[in-house]
Amino acid sequence: MAGREKGGFWVGAAAVLFYPVSWIGRRVYLGAERIPREGPALVVMNHVSHMDPAVDAVFIHRQKRVPRFLAKDSLARAPIFGKILVGAGSIPVYRGSVQAGDSLRAAHQALSEGKVVVIYPEGTITKDPEGWPKRSHTGVARLALDNDVPVIPVARWGTQQILDFYHKKVRLLPRTTVTHKVGEPVDLSAYRGKPQTGALLREVTELLMERVTGLLTDIRGEQPPARKPEVAD
C-alpha cells in the first residue's frame, strides 16, 4: 500500500490552518477509496462556499495525497491564506489576462509529475439560490483530454450552510454535516484524439459536470433544475 505523499513546510502550514476549519462540520466521506493513493489524477468538483478549498484540501490529504488547486488569482493574493495556498503547490488562475495560459500549463506540468490536481470548473462559487452548479468553463476539458490520467468527479455539500460570504452568513452551531461523494473515473476514450473544437470541449465539460451534479443529487436527495442558471465564458 502506498504511503502518504510527502509535502513540505507549506503543506504542513496548510494542514495546521485547514484541519481545524474542517472540524467545524461533521465529515462524511463516500467513495473516498476512488482517489488514487499514487500517480496523477484530475479531481473535478462543484463550488458552493468560500470554505470549500479548506475542507477539500483536508479531504484529499486524508487520502494521503497533496492536492494542487486551480484557484482564482484573488485567492492567491489573500494575505496568509494565499501565501500558504501557493506555497503548498496550488496554481493561480488569471482569467482574461496574458497569464491565463500559464495556469493550464502549470496544471499540465503537475499532472505530468504525478500530482493530484483539483479544479472547480465553474470558476467561482455558484450564484444559483439552490446551490446547483452553473455552466462551467472548458479548461477542465482541455486538461482531461490532454492528460491520460484518471478524471474523478467529486461533489461536496454542506459548507454553504456554515460559511456564505455573499449573504454574510456564518453558522458554526449546531454543527453541519459536510459530505464528499466520489464517483467512478470518467471514461473519455471516445473523445481522445479528436480535434478539440469548441463544441467538443463544451460537450466534455458538460459530461464531467453532469457526473458531479449526479453525485450532488445523490447527497441532497433532490433533483437539479432542468437548465443551469448561469453561463460561463
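## Exercises on a predicted fold

With a relative accessible area of just 1%, H180 counts as buried (buried means under 20%, exposed over 50% and partly exposed in between, using a 1.4 Å probe and protein chains only). Keep in mind that this is a predicted model, where local features need pLDDT of at least 70 and side-chain atom pairs count only at pLDDT 80 or more, while totals for chains, interfaces and linings use all residues. Numbering starts from 1 along each chain as its sequence is written, and side-chain values use heavy atoms, with hydrogens and water left out.

**Exercise 1. Find the element that holds H180, then list what H180 touches beyond its sequence neighbours.**

Step 1: H180 sits in strand β9. Helices (H or I, at least four residues) and strands (E, at least two) are DSSP runs, numbered from the N terminus.

Step 2: Skip the neighbours within four places in sequence, and H180 is in contact with V28, Y29, L30, M45, V55, D56, F59, V154, A155 and R156. Contact here means heavy atoms within 4.5 Å.

**Exercise 2. Do the same for V178, and decide whether V178 is buried or exposed.**

Step 1: V178 belongs to β9, which spans residues 177–182.

Step 2: The relative accessibility of V178 is 5%, so V178 counts as buried.

Step 3: Again leaving out neighbours within four places, V178 contacts G25, R26, R27, V28, R156, W157, G158, T159 and I162.

Step 4: Now look at W23: 155 residues separate V178 from W23 in sequence, but their C-alpha atoms are 9.9 Å apart in space.

**Exercise 3. Work out how α1 packs against α2.**

Step 1: Locate helix α1 at residues 9–22 and helix α2 at residues 52–61; their axes are 8 Å apart and the packing angle is about 110°. Axes are lines fitted to C-alpha atoms, for helices over the stretch in contact, and angles run from 0 to 180 degrees between N-to-C directions.

Step 2: That angle makes α1 roughly perpendicular to α2 (65 to 115 degrees counts as roughly perpendicular, under 35 as roughly parallel, over 145 as roughly antiparallel, and the rest as oblique).

Step 3: The crossing of α1 past α2 is left-handed, meaning the near helix is turned anticlockwise from the far one by less than a right angle (clockwise would be right-handed).

Step 4: On the α1 side you'll find V11, F18, Y19, V21 and S22, meeting A54, V55, A57, V58 and H61 of α2. Sort the residues of this contact and you get eight nonpolar, two polar and no charged. Ala, Val, Leu, Ile, Met, Phe, Trp, Tyr, Cys and Pro count as nonpolar, Asp, Glu, Lys and Arg as charged, and the others, Gly among them, as polar.

Step 5: Check the cover on α2: 10 of its 10 residues are buried. Among them are D52, D56 and F59.

**Exercise 4. Repeat the packing analysis for α6 and α8.**

Step 1: Helix α6 covers residues 139–146 and helix α8 covers residues 198–220; their axes come within 8 Å and cross at roughly 95°.

Step 2: α6 and α8 are therefore roughly perpendicular to each other.

Step 3: V140, A141, R142, A144 and L145 of α6 meet L200, L201, V204, T205 and L208 of α8. Those residues split into eight nonpolar, one polar and one charged.

**Exercise 5. Track down some backbone oddities, at P174 and K64.**

Step 1: Start with the usual picture: most residues other than glycine have a negative phi, and most peptide bonds are trans.

Step 2: The bond from L173 to P174 is cis, with omega near -10°. P174 is in the loop between β8 (169–170) and β9.

Step 3: K64 isn't a glycine, yet its phi is positive, near 70°. You'll find K64 in the loop between α2 and β3 (67–72). K64 is partly exposed, at 29% relative accessibility.

**Exercise 6. Describe the surroundings of P224.**

Step 1: P224 comes in the segment after α8.

Step 2: With a relative accessible area of 27%, P224 is partly exposed.

Step 3: Beyond four places in sequence, P224 contacts W132, T213 and T217. For P224 and T213, the C-alpha distance is 7.7 Å and the sequence gap is 11 residues.

**Exercise 7. Zoom out to the whole protein.**

Step 1: Count eight helices and nine strands.

Step 2: Of the 233 residues, 51% are buried.
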